[in-house]
Amino acid sequence: MSAWLLPDHIADVLPSEARRIEELRRELLDTARAYGYELVIPPLIEHLDSLLTGTGEALNLQTFKLVDQLSGRSLGVRADTTPQVARIDAHLLGRQAVTRLCYCGPVLHTRPERPHATREPLQFGAEIYGHAGREADLEVLSLALDCLSAAQVGDVTVDLADARIVRALLAGVMVDPQVLSAVHDALAAKDASEIARLTDDFPAASREGLLKLVTLYGGAEVLDEAEIALQRFPAVRDVLSNLKWLASRLEGVNVSFDLSDARGYDYYTGVRFAVYARSAGDALLRGGRYDGVGAVFGHKLDRERPAVGFSLDVKQLVRAASERPLRAAICAPWSDAPELMAAVRALRQQGETVVCVLPGQGEIDEFDCDRELMLSAGQWQVQPIGKD
């Protein structure tokens, strides 16, 4: 095997894509900062028991494990940054007030999440801790949409759901965890025949509600249909009202609903959303409410903190984003003449990109050299390319 070959679904990022990723990363962080989010940088590896505390089996299977040569303890390479940020909020910051945090860094997966996906996403996310109201849900969703707007992905569709709907239908139903997991999988797949088989001994109201749920996806009319079909579950009414409120405040985007979307049922506790664009097949970002996520870390304060947030893969987002123009630059001849070196230094200090053309250098690929530094009337001056 050639020494230069990389593992499956792991790839180098070459200059053109790296430039676009870095520009987008900066724009995403600036967008989050404009909303008042503070940047945190959790470590890439942690003790395994800390990294997987409170997470589901899916994250455990996605996590690379290794042994710390210093302590002999098991370590994990993070597969998701959200649990780490929850630990920071719960154990390190310990604030009682609302806390807004954002992050951007690599995560590593044992398997790709979808066909052709990288196993080393660059995960960006933003989260609010300490506010249980729908106002926080709306802020996080608004920030998510502004991030996609900054990436220039074109028209997007927001798909809304709420984990509390399925929980209301299953409240009081005694069921084996394996059967429960299978029911959620069947709901996500909209497999009515499988739901009918799995719920054969469920109470009639729960069984009928779950079967109806797989048909409740589409536009705003879905919420009206759900209000009638699920009227025997009073808790659902408030959830549907909240979804209507949230959708009514999203301007300039298409909104759809998928009330049977049960992915991550053991993680999300309330509203959940995914955002799609025509330029990408899979969702560009996912998020929602996961109250109490930091409670497992413990603290002298009450850490049953409400939380809502979202995350995305910057590498995936770059492929869906509009092409960015090359950065404008100034070409300069190479010389160790003090006057030329001083002129180049002054331009760089002003924020200009100056590329010194080395002897024998060919074309410059990653910069748009639209100007050149030329000697004119005894002084080094910047002129448009091609001007005599």
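Select helix H1 and then whatever covers its buried residues: that cover includes E1, E5, E6, H5, E12 and helix H12 (314-320), where helices (H or I, at least four residues) and strands (E, at least two) are DSSP runs numbered from the N terminus, and touching or contact means heavy atoms within 4.5 Å. The model is a predicted one, in which local features need pLDDT of at least 70 and side-chain atom pairs count only at pLDDT 80 or more, while totals for chains, interfaces and linings use all residues. Residues are numbered from 1 along each chain as its sequence is written, and side-chain values use heavy atoms, with hydrogens and water left out.

Stay on H1, which spans residues 15-34. Its buried residues are Arg 19, Arg 20, Ile 21, Leu 24, Leu 28, Leu 29, Thr 31 and Ala 32; buried means under 20% relative accessible area, exposed over 50%, and partly exposed in between, with a 1.4 Å probe and protein chains only. The 20 residues of H1 reach 28 Å from first C-alpha to last, close to the 28 Å expected at 1.5 Å a residue, the expected span being 1.5 Å times one less than the number of residues. After the helix comes Gly 36, with a positive phi near 95°.

Next, colour the open sheet of 9 strands, whose order is E1-E5-E6-E12-E11-E10-E7-E9-E8 and whose pairing is mixed; two strands pair if DSSP finds at least two bridges between them. At its edges stand strand E1 (38-39) and strand E8 (217-218), each of which pairs on one side only. E1 runs parallel to strand E5 (residues 99-106), with 2 bridges between them, and Glu 38 has Leu 101 in E5 as its bridge partner.

Move along the sheet to strand E12 (residues 307-313), which is largely enclosed by the rest of the structure because 6 of its 7 residues are buried. Strand E6 (residues 122-129) pairs with E12 in the antiparallel sense over 7 bridges, and there the bridge partner of Ile 128 is Val 308. Strand E11 (residues 285-289) is also antiparallel to E12, joined to that strand by 5 bridges, with Gly 288 opposite Gly 309.

Now select Asp 159, which is found in strand E7. Is this residue buried or exposed? Asp 159 is buried, since its relative accessible area is 11%. Its side chain makes a polar contact of 2.7 Å with that of Ser 256, where a polar contact is a pair of N or O atoms within 3.5 Å; within protein, one must be able to donate a hydrogen and the other to accept it, and residues adjacent in sequence count only if both atoms are side-chain atoms. Leaving aside residues up to four places away in sequence, Asp 159 touches Ser 256, Phe 257, Asp 258, Arg 272, Phe 273, Ala 274 and Tyr 276.

For the interior, show the largest nonpolar core, which has 74 residues, those with the most contacts inside it being Phe 124, Val 153, Leu 259, Phe 273, Phe 310 and Val 314; such a core is a set of buried Ala, Val, Leu, Ile, Met, Phe, Trp, Tyr and Cys residues joined through side-chain atoms within 4.5 Å. Helix H5 (residues 134-151) supplies the largest share of this core, 10 residues. Apart from that core lies another, of 11 residues, among them Val 85, Leu 101, Tyr 268 and Tyr 290. Beyond the C-terminal end of H5, Gln 152 follows with a positive phi near 55°.

Finally, turn to the second open sheet listed here, in which 4 strands follow the order E14-E13-E15-E16 with mixed pairing. Strand E14 (354-357) and strand E16 (379-384) are at the edges, each with a single partner strand, so one side of each is left without a neighbour in the sheet. Neighbouring strands are turned by 35° against each other on average, direction ignored; axes are lines fitted to C-alpha atoms, for helices over the stretch in contact, and angles run from 0 to 180 degrees between N-to-C directions. Strand E13 (residues 327-333) pairs with E14 in the parallel sense over 4 bridges, and Pro 333 stands opposite Val 357. Add helix H13 (residues 338-349), which lies across E13, E14, strand E15 (367-376) and E16 and runs at about 150° to E14.

Zooming out, the protein has 13 helices and 16 strands, and 45% of its 388 residues count as buried.
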